[in-house]
Each structure stands twice: as structure tokens, then as C-alpha cells.
Amino acid sequence: MPLLHTAKTWARIAKVFLWLTLLTVSGCVAEADNTDVSAHDKKADAFGMDAPFLNLSAVPAKDLNDSIPFRHFIAHNKTMTCTADEHARPFNNQIRGVNLGGWMGLEPWITPSLFYQFLNQGENTTAFDMYSFCEVLGPEEANRQLRRHWETWVTEDIIKQLAESGAVNSLRLPVGDFMYRPYGPYHGCVDGSLDYVDNLLDWAYSHGLSVLIDIHTAKDSQNGFDNSGKTMGFRWTSNLNSEFSGLTTFEHWPIRSAAWVGDFDPQTASYSSINYANIQHSLKVVLDVVTRYAEHPAVLGLEPLNEPWQYTPIDTLKRFYWEGYLIVKLKAPFWKYVMHDGFRFGPDFWGGFMEGCPERALDTHIYQAWRDPDSRIGFFTDACQQKSNIATMERAFGPVIVGEWSLATDNCAMWLNGFNDNLPGFPRLPCKFTPCAEPYMGPGQPGTPVDPSKPIQGPYGSGLSGPVFGLCPGSRDWRKETSDNPLTGQDWIRAPPNIPKVLDDTDNVMQRLAMKKIDAFSGIGHGFYFWNFRTDLYEPQWSYMAALERGWIPRGNLAGNEKILNACLREDKGAFRCILKRGQIDRAIRSAMDYILNAENRADTPEGKAALSKTGKDLEEAAKPILSDYFEQHRLEGATCDFGGIAMLVEENRTISDDDSFGFSDDEYFLQYESGGPPLWLLITGGTVVALLGGCLGFVMAMRFNPRFNDRIRHTSLFKPITSSKSMVIRSSLNLPSMYYEDLNDIDTDEHKSTPNF
């Protein structure tokens, strides 16, 4: 069928489709909120997985018109692709942005001053997230505290500071779905929140910043995290600890779940049913957002869902993204449409999805805070290696944005893994404790200031994190490496978390890491948003504004900064190679070799079996080329030099032996090695000899040219064996008088001693 050419016909089609969409979303599915999951499952079974969420009460997708004309392109519903893109608004500008997290959706670790009031509370009086904050306090008190929070956490002066830094051109604004369609305890609790969002958009526009609206929460939680609005997979366990009187405990991480998309079966790590009512609720929120802000000049676009967890059925997630895209493009044809990767950042999942569709991008979140402790070289290399992953996705999908990242290299930020909780096994190293900050909203906030007379208080989760005698845990310092091998990071791992100023190297490490990350995230992809713009506690690793003040992130136009452009130069050129650490046990080495040989289909070859059968030094020698070659061949694909902690990176063309020495520069650590140099024992022996000779020469010179020194030495019993020597060479060298004079002097002394006193 030939394309229609007249503007009138195009307008008619658009109006009809918009009418159908609005009717479907606002009318036909209005009853969906009150329909149970099983009813939706039956309908889904009837229509199959291709059933569109916007049209569940009508006909399946296969019967819909496949070619849907939009203003600048044609959408194909069956394949979820587009054609005839006129490229009306190319994605040519790099994003240099920050997140305004913790404002419209509460996260205890970002604004702990709001959650101190729940310390030492019971099962019905403790809040862990936005949902329980409204539930426990009730709509009136919660709204009172929230309005004070909204007034002070993000202000026009802060937006102005970010804009004037010259390093920020965009803001990512996390909002709650409950702000647009309240449910449960949110009724009355979030009244007035949209007025603050309206103000923020006006501030951003007046200061030349764009805003990406990010729907950060979903009904029944899309990931189980507190950042989704509701911590899912939770139970109180106080009754199981009755032997400890008054101990209130709970469990979350071992049983975490997410019910936005349906009923999750932890045994199979899959969904037994799909909750189409929740999905439709989210799509209606998308419609509400785009309807409210379509004409606002500050809005860059929309992200329909933040961080759906990795178990979300990929086909269901893609269909949700597709239908959200159609809603956005009907009302705001020039908005960018950004989709989170669902923690599955790979071409196998997203390659070809929505191919040909304009103004869409993929969001991925890249953190190092949950990595095992490593050397600075390890963190630097990992940051630069993200270039390869981003480049791969840019080729397979299209524009990629790193929607969240930070400078944290540990898991120490208080409540990072939940209020009074922690992931099992975290943090990996002891954390630094500093005085808890005064409340950012001013005096009078319930629960503040933190009581300095109390140790860590309940309720207690599966891990510990919280104030201790008025001190709050925070990120560790980086120390200057002084050990035999600074590349391993052992000095930092063994060091106390709070480093004396003379040994503190945090500023240097963070500055290098920031530049490498900015280079990696923006040098290949379409930019980034740092998480977060600020934090209640002093955490520069998580606060963009504090990092700017410390000089970790430079001010001004980041795109033209030479240090950033060249930050990953050594890593890009493969200036490091992967070597086996000394002293590793056979089991760990064999495990790494087995992983590599299986990945290369060589484990069952005679050579592979022979290598795995070795022990001791022979096993180490066999492992060295296997580790090194694998890293070199696959590093551009994202391979790391870790292999369970048995390997490390060293500079190319360098070797490590027991005789190596190390130096430090203000830029990075480097290895100083001279092939064929003298062994360490010879250097020590030679130094000792030189010191002795120097001392002897100085003694001789003093004896010859300093009469007072000479006289004192001659009359000191300690040096009597030397000064009484009859050797003319010694006496002449030390400027000693002749033996005849010494004999007379002794006789005279004896006579005086024998003469009686009258």
C-alpha cells in the first residue's frame, strides 16, 4: 500500500490512533487495577505473549495494524521496529549529567536524616523506604516532613551551582509512579510533590539544563530494592531470637523478590504468572507524565522504568518498553526515550531491538562499589575496559547512556544496602567512621541529631550498618603504596580505613579514576549521569558537588579536557599485561586455568589435560602464558585480569622479581626495573662498607685538623687501644704525639699522683 502524502491524511491517522490509545489506556483498562492476576494470566494465555498491554480487552497484537505512521517515522508493531526515520532530531550531543536522587523517591542511605527517627523502633514503627515511610508516619505527618525535605534537598541555588560548574548540561530526575497515580499509603502522603517538579523544570530551563524524567519506582517493586519505592522480599524474624530480650530483627537480602511484573518463584528464579494490571498501571503513568510535560522546553525525554531486575522476562519487558515508546511519540515526538538494560547489558538481549526507531537509547548502570578490593591499577583498568562494552552495544543497538555511576570503590556508605542492613559479606573491608552530619533540613527533624551515647541500634538486618556513638560509616581512604608491590594494592587492603594525611592518596586516586571513567563513558557512548548530585553524609565518592569541590572532577567543558581525552591512553594501547601473583595455591590456579581452557574449548585436549595435571612450580609456569594470552586476546571484549584473585596487571615490558624496586609519581604508580642490575644483598653489603669507610675517613680528618677533638679522644679510655698504639703510621695519620712525649706525660702524671699534699 503506497504511503499517504497529504498532511491532512497524516493528521487524521495520528488523531485516530491517539484517540484509540487514550480510550484504551484511560477507559478500557480502567478496571484492570481491580482485576486479580489470575484473570490477566487467563487473558494472556488466550492471546499469547504478544498480547499488547494497551489492548488486553480488545484483540491480540497480530490482528492490529502493523504499520503505524508517526510524525517522522513508521512503527511496526509486530516486530517492534521502525522505518522511514527522517532523523528529525539526531542524538548528536553528549550528555554530561547528574542524578537528583533521594528527592522525590526516598532512599535511606542518601538522606539518613529522614530515617534516624526509626532507629530502635519496633516491627510496626520502622520505615525502610518511601512506601513504609508513608505507612508508618501516616499521610499527614509524612507529608509534613516530606514538604520540608522537598524544600531543602533540591533548591534553585543548587541547580545554579551545577550549571555554573560548566561540567553539567543535563539532570536525571527520578520520580515516583505514586506521584501521578497514588495507591496504598501514598494517598495524601505525596500531596504537592508535582508542584516541586514543576519548579525544578523551570529552574533547569532558566539555567540552560535539560531534564531526563526517570520513573524510578513501580507498583509492587520492579527489583526489590528500596529505590523502587518498596523493599520486597521481607520478613520480621524477632520471634526467632527470643533468647535475646527485646532484640528486633528482620531478613531481606536472602529472600529478595520483585512483584511488579508478576509472581516470582525463587526456586526456579522465574515468574509463574504475569501481572498485567501492574504493567498497565506503569503505562498509564507514562501517559500522565508525557501529557503533563510534553510542551515543557527543559524536558529531554523519559525513562519509563528504572532498574527492572535481571529476572524480569525479557519479552515482557521489551513489549512494555515498546508500548511506552508509542505513547511518548504520540504526545512528544522529539523526546528521547531511554530504556534500562535490566542488568543484562549485552547484544544478545538488545541487539536489533526497536531498530530504526528514532530518539531511543539504552541505559546501563556501572558501579565499582560492589567489586572485591583491588589495586588502583585494577580499578583504573576496569573503568577503561567499559569502552569496549559500550562500543559493542552502540554497534548492536544504538545510543548508550551510563545513567548511573560513582567513584566509590568500596561498599562502606552507611545504609547503601538498606536501612540498618547490609548484603551478606559486605562491606569487604573495614570502613572509616566520622561524625554523623547535622540534618540538612535544619534543626527540629525527629530523630536528629544522632545520639552519641548509643552503640549501633536496631532493628537488625542480615548485615550491619548504622551510627555508632554518633559516628557514621563512610568510604575508606586510599593510601600511598609503600610495599614491595604497589600494583597488588596490599598496602591499601591492610591499611586502616582512615589514613594519616601524610600517607593519604585519596585525591590522586579519585581524580585519575574520575577522568578514566568520564573518558570511557563519554568517549564512545552518548554520555552519562553521575549518581548522585549530593549526599546527606559527606561522601565525595557518591556526591558530584563534593567531588567538584575536591577537584576530583574538573570544572568546565569536559569534552575538551586533554587529561580526560588521554586518561585511558595506556589501557587503550594495552600497556599492561596479566601475570600470576606469587605464592598462589594450586587449587586456585587450576580453577582459573580450567575456566580459560573451557572457554577456549581446550580443556579436553592433551595439552590442556597435561597443564591441569601439573603441581607446584610446574603448574605456575604452565599457568602464566595461559592467563596472559587469554587476557590479551579478550581484554577488548571486557575480560579482566583477576581470575579469582590470583592474577594482577603490570606494565608491559616489565617484569617482577624479588629484586624489583618501586617508585611513585603524582600521576600513577609505576614499576622501576633494570635488567641485569646488582642483587639486593650486594647493594646492602656495598652500602655498609661505604658507610664504614666514610666514618673512618671523617674520624681521621677530625683527629688531624681539630685539636680539641684530638685531645679529648687521646684522654678517653674508649679509644686507648688506638691512641696508645706504637705504630708510626697510625700515630702520624691521627696526628698523635710521639711515644717519647706520651711516656714523659705519663711519668709526670704518676709523680703528681704520688706526691703527698701538706
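**Disulfides and nonpolar cores**

Both C412 and C431 are buried. In this predicted model, these two cysteines make a good starting point, for a disulfide joins C412 to C431 with an S to S distance of 2.1 Å. The torsion about their S-S bond is about -85°, so the link is left-handed. Because C412 and C431 both lie in the loop between β14 (400–405) and β15 (432–435), the pair ties together parts that are 19 residues apart in sequence.

Further along the chain, C436 is joined to C472 by a disulfide, S to S 1.9 Å. Here the angle about the S-S bond is 105°, and the link is right-handed. C436 lies in the loop between β15 and β16 (471–474), whereas C472 belongs to strand β16 itself, so this disulfide ties together parts 36 residues apart in sequence. Burial applies to C436 as well as to C472.

The sulfur atoms of C134 and C189 are 2.0 Å apart, and the two residues form a disulfide. This link is left-handed, with -70° about the S-S bond. It connects distant parts of the chain, 55 residues apart: C134 sits in helix α3, and C189 in the loop between α5 (177–180) and α6 (193–206). C134 and C189 are each buried. In total, the model contains five disulfides, including the three described here.

Helix α3 (residues 130–153) also holds E135. With a relative accessibility of 48%, E135 counts as partly exposed, because it falls short of the 50% that an exposed residue must pass. Its C-alpha lies 7.8 Å from that of Y186, although E135 and Y186 are 51 residues apart in sequence. A cysteine with a similar label is C696, which counts as partly exposed at 49% relative accessibility.

Attention now turns to the nonpolar interior. The largest nonpolar core has 145 residues, and the members that touch the most others are L171, L200, Y293 and Y544. Helix α7 (residues 276–293) supplies the largest share of this core, nine residues. Beyond its neighbours within four places in sequence, Y293 is in contact with Y180, L194, V197, D198, L201, I213, V299 and W335. Another core, of 20 residues, lies apart from the largest one; among its members are M593, A611, L627 and A647.

Definitions and conventions. Residues are numbered from 1 along each chain as its sequence is written. This is a predicted model: local features need pLDDT of at least 70, side-chain atom pairs count only at pLDDT 80 or more; totals for chains, interfaces and linings use all residues. Side-chain values use heavy atoms; hydrogens and water are left out. Helices (H or I, at least four residues) and strands (E, at least two) are DSSP runs, numbered from the N terminus. Buried means under 20% relative accessible area, exposed over 50%, partly exposed in between (1.4 Å probe, protein chains only). A nonpolar core is a set of buried Ala, Val, Leu, Ile, Met, Phe, Trp, Tyr and Cys residues joined through side-chain atoms within 4.5 Å. Contact means heavy atoms within 4.5 Å. A disulfide is a pair of cysteine sulfur atoms within 2.5 Å.
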